[in-house]
Amino acid sequence: MKTGLERLRLTNFRSYPTLDLSLGHSGEPVALCGANGVGKTNVLEAISYLTAGRGLRAARLSDLARHMGDNVYPLWSIVADIYTPTGSHKIGTGMVAGHERRQIRIDGKTTTKQSDLADVFRCLWLTPAQDRLFCGDPNARRRFLDRIVQAFDPNHANRLADYSAALKQWLCLLREGRMDNAWLNGLESQLVENGIAIAASRLDIVSRLASFLDVTEDVSFPAAEIQLTGMLEQALISQRAVLVEDMFAGHLKNARKICAEGGNLTGPHTADFVVIHKQQNRSADLCSTGEQKALLLSIILAEMRAQMVEQNQCPVLLLDEVAAHLDKNRRNTLFEILLTRPAQVFMTTTDREIFSDFTGQICQFDVQDNQQILKVA
Ligand SMILES: Nc1ncnc2c1ncn2[C@@H]1O[C@H](COP(=O)(O)OP(=O)(O)OP(=O)(O)O)[C@@H](O)[C@H]1O
Ligand SMILES: [Mg+2]
């Protein structure tokens with residue numbers, strides 16, 4: 001049996017007052033089809049909240065509640081029935097009166113740890129906003145990398161949060177001219193400890209992913225190589241961690257003056273990576289738009305395989321605007337690959353014709369104006 005969603009219910013989530021979508025047990029790929037603005041991406045986003053974090057749009061919590069007028073935020077909820085080869089689960093998440101953070105229930109039990117979700121459900125996604133990932137904002141690229149790392153190392157998210165909280169305080173003290181040495185030293189110790197662990201974990205996961213990235217399922221989705229370019233990540237390749245710790249501690253001390261004057265600090269929070277298209281021996285930012293999309297898909301497909309082998313769990317895949325930038329051959333090859341996956345895949349499109357060669361294999365739904373979603377006969 002595959003892993004997938006049997007049923008998804010939404011209440012006051014984004015554009016949906018209510019939605020009750022039944023998907024059965026078949027695990028067939030699901031295609032959500034419809035015109036612009038009918039509510040396709042909102043459904044994928046709802047599914048992405050069955051995992052830890054801020055979903056596929058990295059949205060603010062207040063944006064998720066259905067708009068009902070100024071300053072009116074109704075309580076919203078997402079409930080999903082999940083099946084896996086080892087059993088069924090029910091996940092619920094949403095806002096509950098009296099709580100400021102989204103609440104999570106797994107099989108009837110409330111939990112405060114979002115990371116518990118990974119025990120019963122995992123998903124990966126690609127969105128149109130990521131189509132220019134290799135050329136655009138390094139912060140988005142780093143978030144993409146860190147999500148991959150988190151899937152294999154659940155402590156990575158906590159370390160990132162602790163590092164970023166310490167960095168914020170450290171910069172604040174310096175920029176306000178509060179040269180409290182003991183306080184600054186304490187924060188620098190936290191930055192060094194978490195910073196080295198973050199960089200080491202990135203390096204470890206990228207090297208574990210390498211063997212999966214080297215295998216192509218089809219030439220349309222090229223073999224890729226990820227090279228980390230961050231200062232600590234680079235140093236850890238050739239030096240022992242204790243030496244890199246000393247180096248970063250010295251770097252922080254030296255940076256105090258520059259940061260006090262408004263300058264910036266480099267570290268794991270500015271780390272970046274380069275992806276190489278192996279067949280062409282060219283970095284991804286020089287590849288064509290369609291080639292870049294294919295490389296992204298190669299990375300996601302490799303991550304899926306790695307999670308299956310290393311974690312014994314196949315993540316559900318969310319592909320928003322699946323057809324964007326892909327020619328017909330590449331698109332059809334992708335659908336063929338997705339059909340072999342042991343987890344459900346959700347795709348959205350404005351053009352149902354793209355599935356014409358896959359009638360009966362891909363389950364198509366017509367999304368109707370943020371109200372209902374009907375199976376196409
Ligand atoms: N909090 C909210 N409350 C009500 N409506 C919202 C909220 N957030 C977004 N919407 C609206 O939901 C509608 C559907 O958005 P969605 O992104 O799902 O569309 P889509 O079908 O993916 O369209 P496209 O093909 O253009 O990507 C949009 O009109 C959007 O403005
Ligand atoms: Mg959309």
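## Two domains and a one-sided helix

Me: Which domains does the domain assignment of the protein chain give?
Reply: This is a predicted model, where local features need pLDDT of at least 70, side-chain atom pairs count only at pLDDT 80 or more, and totals for chains, interfaces and linings use all residues. Residues are numbered from 1 along each chain as its sequence is written, while chains are lettered from A and ligands numbered from 1 in the order in which they are written. The bounds come from an automatic or database domain assignment. That gives domain 1 (1–122 + 313–377) and domain 2 (132–312).

Me: How many residues of domain 1 are in contact with domain 2?
Reply: Two residues are in contact if their C-beta atoms, placed from the backbone, lie within 7 Å. On the domain 2 side, 18 residues take part. On the domain 1 side, the number is 19.

Me: Which helix gives the largest share of the side of domain 1 that touches domain 2?
Reply: Helices are DSSP runs (H or I, at least four residues), numbered from the N terminus. The largest share is five residues, and it comes from helix 9 (residues 328–339).

Me: Why are the buried residues of helix 4 on the same side?
Reply: Buried means 20 or more other C-beta atoms within 10 Å of a residue's own, with C-beta atoms placed from the backbone; exposed means 12 or fewer. In helix 4, the buried ones include Leu 160, Tyr 163, Leu 167 and Trp 170. They sit on the same side because the arc they cover around the axis, taken from the directions from the helix axis to the C-beta atoms, is only 135 degrees.

Me: Which exposed residues does the face turned away from the buried side of helix 4 carry?
Reply: Helix 3 (138–152) is one of the elements covering the buried residues of helix 4. The face turned away from that buried side carries Ala 161, Lys 168 and Cys 172.

How values were computed:
Helices (H or I, at least four residues) and strands (E, at least two) are DSSP runs, numbered from the N terminus.
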